[in-house]
Amino acid sequence: MATAVLTPDQLDGQAARLHDTQAWQQIVTGWEHTAAEPTPALAPAPARVSDWRGMLSVPVDQLIDDTLRALPAPPPHERPLPGRLGAMLPDRVHLWRRVGQSDLRPSVHLGHARQILAEWGWQNTPYRLRNARGARCVCGAMISAHRLGYGSLDTVDRAGAWLITELRAQGWPGLIGPWNRHPGRTAADALALVDATIRRASLAGQ
């Protein structure tokens with residue numbers, strides 16, 4: 001089964017280009033707001049108890065949609081990851097796991113990437129998808145999640161763009177790779193970044 005070859009640096013560059021587009025900026029602008037501020041009304045008549053809908057400032061359908069968008073992405077509960085030996089094998093060995101897998105939201109894809117970082121380990125060797133023990137960098141975990149069947153390449157790009165959006169919010173001006181290998185960076189930092197990105201993307205319905 002053929003699959004596109006993608007390196008962490010390629011993912012980093014593609015995510016950065018997506019993040020810089022006008023369309024992406026429209027997606028992430030105002031993501032934390034689920035409804036417009038209600039305009040003040042002049043002495044509204046008291047609503048009858050039976051007519052509770054008149055007490056709402058927005059339509060019920062919009063309230064339901066906003067609530068569903070604000071729900072966090074469910075944790076991954078599909079097939080468990082391969083064990084430590086599987087972490088050290090080339091990803092192409094696991095391609096069979098993509099068969100029959102549907103696409104995912106970026107936040108769910110990032111949940112699987114987090115699982116890879118937590119179970120297989122995090123590493124910060126420059127320009128490497130994994131180290132000898134099978135640990136991944138942040139981008140490497142996202143690529144491995146894709147190759148294990150969790151999300152399309154387009155989803156990986158969008159997840160990367162959400163990561164860059166979160167990094168910008170935290171004051172980091174560069175790409176994911178340099179952040180990952182910055183001196184003093186830890187596995188806890190990497191997991192915290194992914195967690196914050198999952199929350200940000202989930203609240204935006206992504």
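## A tour from Thr165 outward

At 8% relative accessibility, Thr165 counts as buried, where buried means under 20% relative accessible area, exposed over 50% and partly exposed in between, with a 1.4 Å probe and protein chains only. Keep in mind that this is a predicted model, in which local features need pLDDT of at least 70 and side-chain atom pairs count only at pLDDT 80 or more, while totals for chains, interfaces and linings use all residues. Residues are numbered from 1 along each chain as its sequence is written, and side-chain values use heavy atoms, with hydrogens and water left out.

**The whole chain.** Before zooming in, display the protein as a cartoon: the secondary structure comes to 9 helices and 0 strands, both being DSSP runs (helices H or I, at least four residues; strands E, at least two) numbered from the N terminus. Of the 206 residues of the protein, 41% count as buried. Contact here means heavy atoms within 4.5 Å, and among the contacts with a separation of 6 or more, 75% are between residues 24 or more positions apart.

**Thr165 and its helix.** Now select Thr165, which is placed in helix H7. Not counting residues up to four places away in sequence, Thr165 touches His19, Trp24, Val28 and Arg200.

**H7 against H9.** Next, show helix H7 (153-169) together with helix H9 (187-203). H7 and H9 pack at an angle of about 105°, with their axes 9 Å apart; axes are lines fitted to C-alpha atoms, for helices over the stretch in contact, and angles run from 0 to 180 degrees between N-to-C directions. The two helices, H7 and H9, are therefore roughly perpendicular to each other, since angles under 35 degrees count as roughly parallel, over 145 as roughly antiparallel, 65 to 115 as roughly perpendicular and the rest as oblique. To see the contact, select Trp162, Leu163, Thr165, Glu166, Leu167 and Ala169 of H7 with Leu193, Ala196, Thr197, Arg200 and Ala201 of H9. The residues of this contact divide into 7 nonpolar, 2 polar and 2 charged, with Ala, Val, Leu, Ile, Met, Phe, Trp, Tyr, Cys and Pro counted as nonpolar, Asp, Glu, Lys and Arg as charged, and the others, Gly among them, as polar.

**H5 against H9.** Keep H9 on screen and add H5, whose axis comes within 9 Å of that of H9 and crosses that axis at roughly 165°. That makes H5 roughly antiparallel to H9. On the H5 side, select Ser107, Leu110, Gly111, Arg114, Leu117 and Ala118, which meet Leu191, Val194, Asp195, Thr197, Ile198, Ala201 and Ser202 in H9. The residues of the contact of H5 with H9 divide into 7 nonpolar, 4 polar and 2 charged.

**H5 against H6.** Swap H9 for H6: helix H5 (residues 106-120) and helix H6 (residues 138-147) pack at an angle of about 115°, with their axes 8 Å apart. H5 and H6 are therefore roughly perpendicular to each other. The residues to select are His109, Leu110, His112, Ala113, Ile116 and Leu117 in H5, which meet Val138, Ala141, Met142, Ser144, Ala145 and His146 in H6. The contact of H5 with H6 holds 8 nonpolar residues, 4 polar and no charged.

**The nonpolar cores.** Which residues of the largest nonpolar core touch the most other members? Of its 32 residues, they are Leu11, Leu110, Val138, Met142, Leu163 and Ile176, a nonpolar core being a set of buried Ala, Val, Leu, Ile, Met, Phe, Trp, Tyr and Cys residues joined through side-chain atoms within 4.5 Å. Apart from this core lies another, of 5 residues, among them Trp24, Val28, Trp162 and Ala201. Centre on Leu110, which, leaving aside its neighbours within four places in sequence, is in contact with Met142, Ala159, Leu163, Val194, Thr197 and Ile198.

**Last stop.** Finish at Asp189, which lies in helix H9 and, at 29% relative accessibility, counts as partly exposed. Beyond its neighbours within four places in sequence, Asp189 is in contact with Trp179 and Gly184.
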